[in-house]
Amino acid sequence: MNEREIEVADYVSPSRLADFVINPYVGCPHACRYCYAADISRVKGRVEIWGDFLDVKRCRKSLGAKRLTGKSVFMSSVTDCYNPAEARYKITRRILEELAPIECRLSITTKSNLLLRDLDLLKARTSLFGRPKSLFDLGEDEDRAIRVSCSINTVDEGFRADMDRASTIEERMETLEVCREAGIPTLLFAAPLFPYISDFRAIVERSASFVDVFWFDKLNMRPTFKDDLLTYVRARYPEYYRAYLAIFERGDESYWRDLSEEISDFCDRKGVSYEVFF
Ligand code: SF4
């Protein structure tokens with residue numbers, strides 16, 4: 001791991017995803033093979049393999065209570081703020097401590113159970129208030145000032161281990177469950193859904209009792225990882241390879257249309273809250 005500390009002018013950036021995003025790191029040791037943030041790092045001139053470098057951001061400027069109050073804040077959009085290095089650096093924890101009295105609407109997404117280290121700070125936010133505004137706001141839970149999200153696109157630990165170096169599926173499930181028990185609104189982001197491999201029904205069945213809302217999104221194949229993933233599917237799931245070529249080489253959208261309907265039918269029958277983004 002090529003790890004270094006860098007000084008930045010500001011942790012907080014305006015964003016299309018929320019009013020502001022905070023990315024405490026550049027790079028991500030979770031190294032998901034489908035990570036779109038790899039594209040961004042390449043644009044910024046990094047030549048290392050995605051997952052093999054990490055810039056740890058240090059910043060002297062305060063977050064700025066005035067600009068954040070009443071706004072939506074998303075952690076994190078191009079890294080995982082609970083990647084393994086966070087256990088040593090505690091950058092995310094210090095940011096949460098500074099955010100503690102600020103009435104902003106905070107959404108945190110992660111693939112790591114390290115988030116539970118900060119349960120005290122996250123739980124304390126449930127009594128704060130702010131103004132909802134964007135996709136990352138809390139819908140019916142709009143008077144809450146925190147929501148925790150975990151990305152889970154499979155219940156198959158073998159497939160998960162092939163795709164990333166983050167926490168296991170069971171650890172992510174437990175993370176959401178503990179948060180929910182602590183009164184923190186939870187979101188399960190079932191994405192990216194891999195055709196025929198991601199079992200959305202099993203994900204919902206396993207977690208419906210402690211997830212407030214499910215989001216579903218498809219695998220958006222990017223040039224950065226397309227060859228790698230198609231090669232993987234051909235070797236590991238040869239029975240699906242022809243279908244993958246139809247979807248990702250020839251642009252057949254019928255699979256996604258059918259899947260979207262199946263998800264809606266299933267979630268309606270289960271009575272869970274959900275959104276499908278494709
Ligand atoms: S956890 Fe998120 S930011 Fe990190 S590699 Fe995976 S998709 Fe990318």
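Here is a chat between a trainee and a mentor about this predicted model.

Trainee: Before we start, what are the ground rules?
Mentor: Residues are numbered from 1 along each chain as its sequence is written. This is a predicted model, where local features need pLDDT of at least 70, side-chain atom pairs count only at pLDDT 80 or more, and totals for chains, interfaces and linings use all residues.

Trainee: What is the mean pLDDT of the protein chain?
Mentor: pLDDT is the predictor's confidence in each residue, from 0 to 100. In the protein chain, 92% of residues reach 70 or more, and the mean is 92.

Trainee: Which stretch has a pLDDT below 50, and how many contacts does this stretch have beyond near neighbours in sequence?
Mentor: Two residues are in contact if their C-beta atoms, placed from the backbone, lie within 7 Å. The stretch is residues 130-135, and its contacts in the model, beyond near neighbours in sequence, number 16.

Trainee: What is the radius of gyration of the protein chain?
Mentor: The radius is taken over C-alpha atoms, and the globule rule is 2.2 Å times the number of residues to the power 0.38. For 278 residues, a compact globule would come out near 19 Å, and the protein chain agrees with that, at 19 Å.

Trainee: How many helices and strands does the protein chain have?
Mentor: Both are DSSP runs numbered from the N terminus: helices are H or I, at least four residues, and strands are E, at least two. Counted that way, the protein chain has 11 helices and 11 strands.

Trainee: Which strands stand at the edges of the open sheet with the order 1-5-4?
Mentor: Two strands pair if DSSP finds at least two bridges between them. This open sheet has three strands and mixed pairing. Each edge strand has a single partner strand, so one side of each is left without a neighbour in the sheet: these are strand 1 (2-8) and strand 4 (25-26).

Trainee: And in strand 5, which residue is the bridge partner of Arg4?
Mentor: Strand 1 and strand 5 (residues 53-59) run parallel, joined by seven bridges. The partner of Arg4 in strand 5 is Asp55.

Trainee: How many residues of strand 8 are buried?
Mentor: A residue is buried if 20 or more other C-beta atoms lie within 10 Å of its own, exposed if 12 or fewer, and partly exposed in between, with C-beta atoms placed from the backbone. On one side of strand 8 you have Ile146, Val148 and Cys150, and on the other Arg147, Ser149 and Ser151, all buried. Strand 8 (residues 146-151) is therefore largely enclosed by the rest of the structure, with the buried count being six of the six.

Trainee: Which residue in strand 9 stands opposite Val148?
Mentor: Strand 8 pairs in the parallel sense with strand 7 (residues 105-110) over five bridges, and with strand 9 over four bridges. In strand 8, Ile146 is the bridge partner of Leu106. Opposite Val148, in strand 9, stands Thr186.

Trainee: Is Met75 buried or exposed?
Mentor: Met75 lies in strand 6 and touches Ile22, Cys81 and Ile108, not counting residues up to four places away in sequence. With 24 C-beta neighbours inside 10 Å, Met75 counts as buried.

Trainee: A cis peptide bond joins Met75 to which residue?
Mentor: Most peptide bonds are trans. For this cis bond, omega is about -5 degrees. The partner lies in the loop between strand 6 (72-75) and helix 3 (86-89), and is Ser76.

Trainee: A cis peptide bond joins Ala191 to which residue?
Mentor: Omega is about -10 degrees for that bond. The partner is found in strand 9 (residues 186-193), and is Pro192.

Trainee: What is the phi of Ala31?
Mentor: Ala31 sits in the loop between strand 4 and helix 1 (37-43), and counts as partly exposed, with 17 C-beta neighbours inside 10 Å. Most residues other than glycine have a negative phi. For Ala31 the value is positive, near 55 degrees.

Trainee: How many residues of the shell around the ligand are nonpolar, polar and charged?
Mentor: A residue is near a molecule if its C-beta atom, placed from the backbone, lies within 6 Å of it. Those around the ligand include Ala31, Cys32, Thr79, Asp80 and Lys111. Ala, Val, Leu, Ile, Met, Phe, Trp, Tyr, Cys and Pro count as nonpolar, Asp, Glu, Lys and Arg as charged, and the others, Gly among them, as polar. The shell divides into six nonpolar, two polar and three charged.
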